[in-house]
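Student: I've got a structure open and keep tripping over the terms people use for it. Can we go through a few of them together?

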Amino acid sequence: MLCEQCGKKQASVHVTKIQNGQKIERHLCKECAQQSSEFSTGIDFQNMLSSFFEYPQTWGQKARPKQGCPVCGSTLTDIQNRSQLGCSQCYTTFDSEVNTLLRRIHGTTEHVGKIPESSHGRIRLERQVQDLREQLQQAIAEEQYEKAAELRDQIRSLEGQLDGKEG
Amino acid sequence: MGIGDAIRRALSSWTKKEGPHGDIVLGTRVRLARNSKDVPFPGASSKEQLQSVLDQARSFPDVLKDEGSFVFYDMAEMDALDRDMLVEKHLISPNHARHTFHRGVILRSDEDISIMVNEEDHLRIQVLFPGLQLQQAWKHASRVDDCLESKFGYAFDKERGYLTACPTNVGTGMRASVMLHLPALARVNRLREVLGTVSQFGLVVRGLYGEGSESYGNIYQLSNQVTLGHREEEMIEHLERVTKQIIQSERQAREYLSQPERRLAVEDTVYRAFGVLSFARILSTEEAMQLLSDVRLGMDLGFIHHLDKEILKELMVMIRAAHLQKIMGQNLPPEERDKLRASLVREKLNPQALKKS
Ligand SMILES: [Zn+2]
Ligand SMILES: [Zn+2]
């Protein structure tokens with residue numbers, strides 16, 4: 001791959017930036033990258049993050065909550081300056097701001113992956129039951145009755161466990 | 001004993017072993033970000049809070065005893081060179097080596113697993129395996145995660161998943177990546193096309209040492225961009241599928257380069273690289289990496305047989321500044337490092353040449 005700037009040397013620096021919500025990719029040689037100040041190492045990622053935090057118009061000065069997080073004391077300005085949230089409670093304190101942010105970064109606000117067993121066993125079981133129910137519908141639709149019967153048994157046994165588990 | 005042997009023994013197992021698709025995939029990494037629900041994230045914690053997390057982490061080797069032999073290290077008690085060596089081995093972040101107070105690292109004896117304590121998040125669990133082993137690496141990381149979860153109440157939310165300091169990691173907290181050696185695609189000028197396509201599939205390409213770092217020696221890291229909205233297995237499978245496509249492109253490019261009408265030109269590059277590495281007296285990291293990449297391509301294409309295939313991975317870690325300075329047991333100016341780097345590489349590639357000189 002040749003450098004985009006000079007077109008002569010091999011491109012050895014590759015950076016993806018998000019600028020005003022647009023993804024920009026650049027491939028430069030070492031020399032051209034050093035001349036272009038935006039490529040000083042480590043800064044880009046920070047800029048990209050800050051831009052995520054700055055973007056939402058709904059964070060206008062009027063709408064912005066003045067109060068900080070009751071646990072860590074961080075205000076929205078602190079969070080923006082650090083490009084980090086202060087504690088797990090911040091996620092609740094700044095609920096709607098966080099959701100705007102998550103949608104911008106991930107395109108969604110909903111986690112569907114792993115759930116910790118020891119503290120959230122119930123949610124984990126519920127999720128498993130939900131998955132199995134979907135598989136059961138599928139099996140019935142495909143007329144795989146033997147498989148459907150197995151799935152039904154599994155669901156029953158998990159529901160039994162759910163009843164035995166509180167909150 | 002040669003100068004390289006002392007630290008060769010200290011290398012992580014992933015650099016010494018060849019894994020599946022090891023001719024192209026140098027290594028696989030899965031990293032999980034986890035936090036305590038009781039303490040603010042490290043960036044907003046008091047010294048006392050950071051210390052309490054660090055103290056808790058001291059007991060983790062015991063908690064993890066079914067997963068192997070782990071040792072806890074306080075970063076502030078570690079020598080600066082040793083910290084930099086951990087960065088060069090990809091076991092901790094550069095940031096973790098620079099800011100050491102109330103920070104720790106837990107390493108498994110083979111260094112396949114490392115846990116950073118009080119980096120950006122309270123815990124960063126990392127599994128690093130040779131070759132393409134995404135499923136295995138995820139399973140291992142998840143098992144370590146299960147062990148720690150029972151002792152360390154995680155910040156977890158039903159809707160948003162694992163909560164992290166930076167919202168780019170929230171959800172699964174998982175960053176899975178593969179380290180790829182793509183010399184043939186680079187040579188046929190197809191890298192840009194291939195790596196450009198990758199970003200349309202929700203993946204990110206970086207150089208050898210992370211964001212904005214340079215891609216020495218045609219080595220690239222490929223990882224998932226988002227951490228929320230997909231199951232870990234799904235993300236792993238997706239990354240694996242794209243990686244296999246790239247492997248296939250690289251294999252085709254290698255095939256193309258070994259056809260009779262092109263073979264001689266490639267062979268020439270490979271042997272020139274071998275010649276320079278065998279006799280040079282001064283080598284920069286950048287030059288050494290490019291030449292080592294050429295030599296490794298020569299091994300993969302069957303021109304060079306007498307060298308160990310893992311020499312690229314070993315040397316790419318051993319020739320870095322901290323490793324070189326560790327050999328000499330002192331800080332060295334860049335010129336001295338370039339001399340030492342050249343003699344280390346000479347010894348590995350061409351021991352006879354070293355003796356005669
Ligand atoms: Zn250039
Ligand atoms: Zn907070």
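Student: What makes β10(B) count as mostly covered?

Tutor: Keep in mind that this is a predicted model. A residue is called buried when its relative accessible area is under 20%. In β10(B), 6 of its 6 residues are buried, so by that cut-off the strand earns the label "mostly covered".

Student: How do you know that β10(B) pairs with β8(B)?

Tutor: Pairing needs at least two bridges between the strands. β8(B) and β10(B) are joined by 5 bridges, so they pass. They run antiparallel, and His181(B) stands opposite Ile219(B) in β10(B).

Student: And what joins β9(B) to β10(B)?

Tutor: There you find 4 bridges, again with the strands antiparallel. Since at least two are required, that's a pair too. Look at Leu203(B): its bridge partner in β10(B) is Asn224(B).

Student: Why is one side of β9 of chain B left without a neighbour in the sheet?

Tutor: The open sheet has 8 strands, in the order β2-β3-β4-β5-β1-β8-β10-β9 (chain B). β2 (70-74) and β9 (203-206) of chain B stand at the edges with a single partner strand each, so one side of each has no neighbour in the sheet. On average, neighbouring strands here are turned by 20 degrees against each other, direction ignored.

Student: Which helix packs on the sheet?

Tutor: That's α9 (residues 191-199) of chain B, which touches β9 and β10 (219-224) of chain B. Its direction makes about 140 degrees with that of β9(B).

Key. Residues numbered from 1 in each chain as written. Chains lettered and ligands numbered in written order. Predicted model: local features only at pLDDT ≥ 70, side-chain atom pairs only at ≥ 80, totals over all residues. Heavy atoms only, no water. Axes fitted to C-alpha atoms, helices over the stretch in contact; angles between N-to-C directions. Contact = heavy atoms within 4.5 Å. Buried < 20%, exposed > 50% of the residue type's maximum accessible area, 1.4 Å probe, protein only.
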